[in-house]
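Visitor: I should like to understand the terms used for this model. Please show me the structure and then justify each term in turn.

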Amino acid sequence: MLVNIVDRSRNGTFVNGNRLVKKDYILRNGDRIVFGRSCSFLFKYLVDGREEKDPQTSTESPGKEEVNDLFKRPTLSSQTPMKRPLSLQRRSFFDRYIPGKELGSGHYAIVKEATDKDSGDVVAVKIFHPQQNDDQKKTRQFREETKILMSIQHKNIVKLIDRFVEPVSKAQIQTYLVLEKVSDGELFDRIVRKTKLRQEETNAIFKQILNGLKYLHAKNIIHRDIKPENILLSIRRRRYQDEQQMGPWDDDEIDITIKIADFGLAKFIGELQFTNTLCGTPSYVAPEVLRKTGYSSRVDLWSAGVLLYVCLCGFPPFSEQLAPPSMKEQILQGKFAFYSPYWDDIDDSCLHLISNLLVVNPALRYDIQKTIEHPWFSHAPQTTRATALPLQRKSAEVGKIPKTYSEMSSLH
Ligand code: ADP
């Protein structure tokens, strides 16, 4: 049984410092409740007069039918034994983790640090905005699909450790994703800070991104939202002057591990909302997603092509600043160019790779295997001049080169 608290007071009821304003709220273990100014309580569920013990069973949280069950009054009949309380069968997020400081927030969720009460491990928890609890089938499907995501284990993919769906009111649920914490920020911030990345650095970062994508695609998982905000970095910093670097990183960095975040996001926020959000900011989105004509794993290779372009020159290949035609139309037509002087010093073989990723027809676009096998990854980057047409550098019309991410962020 769960306890639902409704505020009917004049002086206010506060849970964990927040006032309940005409809302009901399901209490969790450890919630601090303050009535008016006079007294405060730490809330704890008791089971049959005993303090609740952590059950050893599943961590899954209730579906709609079960959530509704929680609000039924217990029947006190001697013939029908009372159902085993749900709180005994399933643990809540708050039973296992202590939430900490905020790490960031995005479109659908806020991300906080959290500590595992048993192991002391520090993790990241992504807390989605509350959703209507209106479809029981969806909840079951959610559990099935997230089970697959939790089985994913790869050094270049942010590990999904656990997930909880918890009621926040009679009508609403909240999803919590417990994730491996990645401490050194997003690739996006690195591009903004440096304006653009060096070619060797980009090459080394991409090898790791492609390794992660290969693993996902082999499991028939399509990421669908590859962009620099979803590539997280774990950096091993230099501690001694003569420490050997493990890659083409900056002087103070010994090694960088790339972690792809946010895979399978549609499962957590719903297909429709996800697709609409993607199409709302299409910079990295493949043409077939914009057309809504069905898509395959090759959408990730298109986005990887856009990302590769952005890393090397600091601005995107498709942009409203290049209009006309509109950004959407540029994407649908695959209309982009390598502008001089920005691309003059970039290896031809890299331009060749990008040109084979930003291909409108997915059947003709490189797949993950062809991308990994591309010569740009096996030869040391070198600067040679192109002769073939698609690789030619183009001079841009004056004032038409898009602003770099770095310039855009300094405007804010
Ligand atoms: P949304 O998908 O809703 O846009 P994000 O996934 O972008 O939310 O997360 C928001 C912020 O939280 C970002 O700044 C990101 O860097 C940070 N973040 C997300 N996942 C992790 C993680 N596993 N470890 C550390 N920080 C993370």
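Guide: The shell around the ligand divides into 9 nonpolar, 4 polar and 5 charged residues. The model is predicted, with residues numbered from 1 along each chain, and local features need pLDDT of at least 70, side-chain atom pairs pLDDT 80 or more, while totals for chains, interfaces and linings use all residues. Side-chain values use heavy atoms, without hydrogens and water.

Visitor: What makes a residue of the shell nonpolar, polar or charged?

Guide: Ala, Val, Leu, Ile, Met, Phe, Trp, Tyr, Cys and Pro count as nonpolar, Asp, Glu, Lys and Arg as charged, and the others, Gly among them, as polar.

Visitor: Why is the approach of Lys126 to the ligand called a polar contact?

Guide: A polar contact is a pair of N or O atoms within 3.5 Å; within protein, one must be able to donate a hydrogen and the other to accept it, and residues adjacent in sequence count only if both atoms are side-chain atoms. A polar side-chain atom of Lys126 lies 2.7 Å from a ligand oxygen, so the pair meets the 3.5 Å limit. For Glu186, a polar side-chain atom is 2.8 Å from an oxygen atom of the ligand.

Visitor: Why does one side of β3 and of β6 lack a neighbour in the sheet?

Guide: The open sheet has 4 strands in the order β3-β2-β5-β6, with antiparallel pairing. β3 (18–19) and β6 (39–42) stand at its edges with a single partner strand each, so one side of each is left without a neighbour.

Visitor: How do you know that β2 and β3 pair?

Guide: Pairing requires at least two DSSP bridges, and 2 bridges join β2 (residues 13–15) to β3, so the two strands pair. Strands are DSSP runs (E, at least two residues), numbered from the N terminus.
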